[in-house]
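Thanks for coming. I'll take one structure today and go through it piece by piece, so please have the sequence and the model open.

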Amino acid sequence: VAENYSDINLSMNQIADHVNMSAAYLGRLFKQVTGITFIEYLTKFRLKQACELLRGTNMTVNEISDKVGFTNSSYFYIIFKKHLECTPNQYRKQYCVDAADED
């Protein structure tokens with residue numbers, strides 16, 4: 001996931017093929033070990049990467065959305081807000097304010 005999270009086609013099927021397992025079995029095993037589904041894990045990983053880019057770059061939200069593997073920036077906004085309870089722009093603004101306060 002860490003190497004391929006930006007691939008919009010990354011799926012449990014691809015990973016299962018890579019490790020010569022069935023996708024269904026690997027999905028059950030993944031959830032048993034991590035406590036969440038592969039899609040939940042991938043989404044959280046992508047959001048974590050997006051947060052780093054929001055804090056550390058001047059890339060637009062659409063560029064970040066594409067870079068971290070979301071096919072649709074509108075969907076990215078929805079998922080971001082659902083998980084972080086703010087929009088990407090609000091997140092960036094909050095981080096910049098907090099970082100400025102520390103200086």
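C51 is buried, with a relative accessible area of 7%. This is a predicted model, so keep that in mind for everything that follows. How many disulfides does the structure hold? Zero. C51 is in none, and the nearest cysteine sulfur, that of C86, is 7.6 Å away. A disulfide needs the two sulfur atoms within 2.5 Å, and the sulfur of C86, at 7.6 Å from that of C51, is too far for a bond. C86 also counts as buried, at 15% relative accessibility.

Now the overall layout. The protein chain has six helices and zero strands. Along the sequence the pattern reads α-α-α-α-α-α. The C-alpha trace spans about 50 × 25 × 25 Å along its principal axes. Of the 103 residues of the chain, 30% count as buried. Taking contacts between residues at least 6 apart in sequence, 47% join residues at least 24 apart.

Next, the core. In soluble globular proteins, nonpolar side chains tend to be buried together. Here the largest nonpolar core has 23 residues, and the members that touch the most others are I64, V68, F76 and F80. Which elements give two or more residues to this core? They are α1 (12-18), α2 (23-34), α3 (38-56), α4 (61-67) and α5. The most comes from α3, with eight residues.

That brings us to α3 itself. This helix has 19 residues and reaches 27 Å from its first C-alpha to its last, close to the 27 Å expected at 1.5 Å a residue. Its buried residues are F38, L42, T43, F45, R46, L47, Q49, A50, C51, L53 and L54. Note that R46 and Q49 are on that list of buried residues.

Two residues of α3 are worth a separate look. T43 is found in this helix and counts as buried, at 15% relative accessibility. Leaving aside neighbours within four places in sequence, T43 is in contact with I79 and H83. Y41 also has its place in α3, but Y41 is partly exposed, with a relative accessible area of 31%. Not counting residues up to four places away in sequence, Y41 touches V1, F30 and I36. Y41 and N20 are 21 residues apart along the chain, and their C-alpha atoms are separated by 21 Å.

Just ahead of that, T37 lies in the loop between α2 and α3. T37 counts as partly exposed, at 29% relative accessibility. Setting aside neighbours within four places in sequence, T37 is in contact with F30 and K31. F30 is therefore one to click on, as it also appears among the residues that Y41 touches, with Y41 at a relative accessible area of 31%. For distance, T37 and Q94 are 57 residues apart in sequence and 30 Å apart in space, C-alpha to C-alpha.

Last, helix α5. Why does its length agree with expectation? At 1.5 Å a residue, its twelve residues, 73-84, should span 16 Å, and the end C-alpha atoms are 16 Å apart. The buried residues of α5 are F76, I79 and F80. Seen down the helix axis, these buried residues fall within an arc of 105°, so they line one face of α5. Which exposed residues sit on the face turned away from that buried side? They are I78 and K82.

The two ends of α5 each have a detail. N72 caps the N-terminal end, where a side-chain oxygen lies 2.7 Å from the backbone nitrogen of S74. Just after the helix, E85 takes a positive phi of about 60°.

From the buried face, take F80. Not counting residues up to four places away in sequence, F80 touches L47, C51, L54, E85, C86, T87, P88 and Y91. That list includes both C51 and C86, the two cysteines I started with, whose sulfurs are 7.6 Å apart. F80 is also one of the core members that touch the most others.

That is what I have; I'll take questions now.

Terms used. Residues numbered from 1 in each chain as written. Predicted model: local features only at pLDDT ≥ 70, side-chain atom pairs only at ≥ 80, totals over all residues. Heavy atoms only, no water. Helix = DSSP H or I, 4+ residues; strand = E, 2+ residues; numbered from the N terminus. Expected span 1.5 Å × (residues − 1). Buried < 20%, exposed > 50% of the residue type's maximum accessible area, 1.4 Å probe, protein only. Arc of directions from axis to C-beta. Polar contact = N/O pair within 3.5 Å; in protein donor to acceptor, adjacent residues only side chain to side chain. Core = buried A, V, L, I, M, F, W, Y, C linked by side-chain atoms within 4.5 Å. Contact = heavy atoms within 4.5 Å.
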